[in-house]
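Please walk through the packing of this protein, beginning with its enclosed spaces, then turning to an open pocket and ending with the nonpolar cores.

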Amino acid sequence: GPLLHPTQCLILVLHPSPMRFVLRLLLSSMAATATWLSAARPLLLLPLMLLLVIVAETAAGSGGQWFCNHNMPWEECEQYLPAERLALQSFLRGLDRAPLPLAGEFQGRGIVMSGGPGHVMQALANLRVIRVKHASKIPVEFWHAFELSNTHCEALREWGATCRSIRLPGVYPEYQTVLPAIMLSSFRHVFWIDTDITPLVAPERLFESEAYKRAGALFWPDHWGAGCKRFGATAWANHVTRHLLDLPYDRDVLTHIAEHEAGHLLVDKDRHWRPLCLANYLASRDFFTRVMHGYKDVFRLAWNKLNASNWLSPARPGLMGLFSEAEGKFFGPQMVHFWPTPGEFGPGEQGRPVPLYLHQKKKPGRLGNEILSFSTPLGDCVPFRITQVAFSVQDQDDVEVWDIDRSQPALLGDLTAVEDLWEIGWADARRRFVDTTQMPTLDLAQTLAVEKSRKVS
């Protein structure tokens, strides 16, 4: 007869861990013939049983289970997997047949942002940096789910940003406007940035890089990866997203072991429409947003699944903030993202990577212009935690404090000029909104709410 009954075949497809199911069947079969084995070949039974148990536990991942989320125990997660597997398989079959945008549907290149009233002040501060410091005339679209007032949009328009509303029915919590904004934007070549991203180079230079021309998608790594014990879970070998997407895992491949930063990326929509569709699917499914902390890593997973071309910066992000040489402590509330050296942005001074963006300045206040970088390989964990306190860098072999006021005075001058413009941009926007008589009090409170936050970044 057949090796598996039809009912067992169906269970195999839907089971959250097919390997474990097969091994359980084998163990069951052995139990049914245990009497024969015990009588005829007693020396073969015990070693074979032990081997199958070891293989079963190894194949299923750490502890014999797939990992979902620190806040979602396996018993809860397991219940979702059959339905999520079916839905994902159905989507992927449809994606293979789905039509692609017609040539010319999207035109040109530009910056895309999205958010609500609480993001407008950051956007205006960073737009001033882009227009004044970098003399960039690149078009900008700011997408929102009917959240912005005419006053917000007029202020954005003065700095060359067009308000666009997402005219799709639905509720869009926080992060869920990102993929619709990218995909609905008029641009073919999109530079997506969170509103708290401050470019340190002209955006046009990134589109003109050979890396972008070759791959059509540029990504940057986050701090976290497979070697972290708490963070970096989506890069773990036993994470449930890898299981559902049926992804290979190779510890020598950076896109497998290093989480991506989703706050900034470049993408050619004509070349990568299908990966964007899959990323949007993952970012809009409640289950995936729960096990990935929102849309964290949807781009990495989608590009990996469809084997789409991309460039991932090999330069690990650093920090910018204050350094106390006397105490040997660093307070780094902002991230710094780099272009590797040597590379298209020139040789970095003293062999260091070239700073491209600052990330996570969310409200006014000067927090220091010292840079700290890590030599820790991507995928491993860096020796600090995300906290609002300073951490010691003494006796850390993989940490370098740049001492930029002495070693790179030109970079210090650029960082100071950028921060000056950012502070002016925020102050001017604040004055404009406070003085206007056309903005309702509730809108004003939402616009300036970030100033009251205890967090500095």
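**Enclosed spaces, an open pocket and the cores**

The structure holds 3 cavities of 30 Å³ or more, and since the model is a predicted one, these voids are features of computed coordinates. The largest cavity contains about 90 Å³ of space, and its walls are formed by Thr234, Ala235, Trp236, Thr241, Arg242, Leu247, Pro248, Tyr249, His256, Arg300, Leu301 and Asn304. Two elements, α11 (240–245) and α15 (298–305), each give two or more residues to this lining, and it is α15 that gives the most, with 3 residues. Sorted by class, the lining of the largest cavity comprises 6 nonpolar, 4 polar and 2 charged residues.

The second largest cavity has a volume of about 60 Å³ and is lined by Thr198, Met320, Gln334, Leu358, Lys361, Asn369, Leu415, Val418, Glu419 and Trp422. Here the largest share of the lining, 4 residues, comes from α17, while the division by class is 5 nonpolar, 3 polar and 2 charged.

The helix α17 also appears in the lining of an open space, the second largest pocket, where α17 supplies the largest share with 5 residues. This pocket has a volume of about 320 Å³ and is lined by 21 residues, among which Val201, Val354, Pro355, Leu411 and Asp414 lie nearest its centre. Both β11 (354–359) and α17 (409–435) supply at least two residues of the pocket lining, which by class has 12 nonpolar, 4 polar and 5 charged residues.

From the spaces one can turn to the packed interior. In soluble globular proteins, nonpolar side chains tend to be buried together. In this model the largest nonpolar core has 56 residues, and the members that touch the most others are Leu156, Leu206, Trp220, Leu266 and Trp339. Leu206 offers a detailed view of that packing: leaving aside residues up to four places away in sequence, Leu206 touches Phe191, Tyr212, Leu218, Trp220, Leu266, Trp339, Phe345, Leu356 and Tyr357. Trp220, Leu266 and Trp339 are thus among the contacts of Leu206 and are also listed with Leu206 among the core members that touch the most others. A second core, separate from this one, is made up of 50 residues and includes Met72, Cys77, Leu282 and Phe288.

Note on methods: Residues numbered from 1 in each chain as written. Predicted model: local features only at pLDDT ≥ 70, side-chain atom pairs only at ≥ 80, totals over all residues. Heavy atoms only, no water. 1 Å grid on protein atoms, 1.4 Å probe; cavity = no way out; pocket = protein on both sides within 12 Å on 5 of 7 lines; lining within 4 Å. Points joined across faces, edges and corners; volume = space filled by probe spheres on them. Nonpolar A, V, L, I, M, F, W, Y, C, P; charged D, E, K, R; others polar. Core = buried A, V, L, I, M, F, W, Y, C linked by side-chain atoms within 4.5 Å. Buried < 20%, exposed > 50% of the residue type's maximum accessible area, 1.4 Å probe, protein only. Contact = heavy atoms within 4.5 Å.
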